[in-house]
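Welcome! Please take a moment to look over the sequence and the 3D view before reading on.

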Amino acid sequence: QVQLVESGGGLVQAGGSLRLSCAASGRTFSSYTVGWFRQAPGKVREFVGDIRWTGGNTYFADFADFVKGRFTASRDNTKNTVYLQMNALIPEDTALYYCAATPRFDRASDYTTSGAYAYWGQGTQVTVSS
């Protein structure tokens with residue numbers, strides 16, 4: 001069993017930055033794929049990005065088009081934590097952000113869907129003011 005706890009959300013002005021953290025406990029999850037999703041009021045949950053282990057100390061990150069070039073992902077396996085660095089934030093980024101994890105890391109899986117993930121955090125609110 002893996003427990004995930006997000007942190008780092010808050011209120012920021014447009015153009016600003018935030019770094020979300022997703023800390024895992026329960027087991028080492030350096031090989032787990034971790035995804036980020038968000039849900040704005042009245043909207044469906046949407047995929048933001050994921051970071052997947054590709055062997056050794058190498059990871060591959062992929063992002064939805066609407067955040068590409070603005071968001072990056074990284075992980076610190078010594079802290080069992082994955083980060084989502086969000087830059088150039090816009091009001092449309094306002095949402096509750098969730099991290100999720102799965103022990104899968106194969107290239108064939110689709111990590112852009114909620115159903116790919118077995119473990120979820122409670123979410124952290126990001127609000128971007130104009």
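What follows is a walk through some strands, a link between two cysteines, and the residues packed inside. Keep in mind that this is a predicted model.

Let us begin with a sheet. Four strands make up an open sheet in the order β1-β3-β8-β7, and their pairing is antiparallel. At its edges you will find β1 (3-7) and β7 (71-76), each of which pairs on one side only. On average, neighbouring strands of this sheet are turned by 20° against each other, direction ignored.

Now look at β3 and β8. Strand β3 (residues 18-25) and strand β8 (residues 81-86) run antiparallel and are joined by 6 bridges. One place to see this is A23, whose bridge partner in β8 is T81.

T81 is worth a pause. This residue of strand β8 has a relative accessible area of 8%, so T81 counts as buried, the limit being under 20%. A polar atom of the T81 side chain lies 2.8 Å from the backbone oxygen of K79. Setting aside residues up to four places away in sequence, T81 touches S21, C22, A23, F29, S74, R75 and D76.

One of those contacts, C22, leads us to the next feature. C22 and C99 form a disulfide, with their sulfur atoms 2.1 Å apart. C22 belongs to strand β3 and C99 to strand β9, so the pair ties together parts that are 77 residues apart in sequence. A disulfide is a covalent bond between the sulfur atoms of two cysteines. The link of C22 and C99 is right-handed, with 70° about the S-S bond. Are the two cysteines buried or exposed? C22 is buried, with a relative accessible area of 0%, and C99 is buried as well, with a relative accessible area of 0%.

From here, turn to the nonpolar interior. In soluble globular proteins, nonpolar side chains tend to be buried together. The largest nonpolar core here has 29 residues, and those that touch the most other members are L4, V34, W36, F71, L84, M86 and Y97. Two or more residues of this core come from each of β3, β4 (33-39), β5 (46-55), β7, β8, β9 (95-102) and β11 (124-129). A second, separate core holds 6 residues, including F37, F47, A64 and Y111.

What does M86 contact, leaving aside its neighbours within four places in sequence? Its contacts are G16, S17, L18, L20, R70, F71, Y97 and V126.

V126 takes us to β11, a good strand for following side chains one by one. In a regular strand the side chains alternate between the two faces of the sheet. Along β11, T124, V126 and V128 point to one face and are buried, while Q125, T127 and S129 point to the other and are not.

Finally, which strands does β11 join? Strand β2 (residues 10-13) runs parallel to β11, with 4 bridges joining them, and in this pairing G10 stands opposite V126. Strand β9 runs antiparallel to β11, with 3 bridges joining them, and A95 stands opposite V126. To see these pairings in the 3D view, find V126 and look for G10 and A95.

Definitions and conventions. Residues are numbered from 1 along each chain as its sequence is written. This is a predicted model: local features need pLDDT of at least 70, side-chain atom pairs count only at pLDDT 80 or more; totals for chains, interfaces and linings use all residues. Side-chain values use heavy atoms; hydrogens and water are left out. Two strands pair if DSSP finds at least two bridges between them. Axes are lines fitted to C-alpha atoms, for helices over the stretch in contact, and angles run from 0 to 180 degrees between N-to-C directions. A nonpolar core is a set of buried Ala, Val, Leu, Ile, Met, Phe, Trp, Tyr and Cys residues joined through side-chain atoms within 4.5 Å. Buried means under 20% relative accessible area, exposed over 50%, partly exposed in between (1.4 Å probe, protein chains only). Contact means heavy atoms within 4.5 Å. A disulfide is a pair of cysteine sulfur atoms within 2.5 Å. A polar contact is a pair of N or O atoms within 3.5 Å; within protein, one must be able to donate a hydrogen and the other to accept it, and residues adjacent in sequence count only if both atoms are side-chain atoms.
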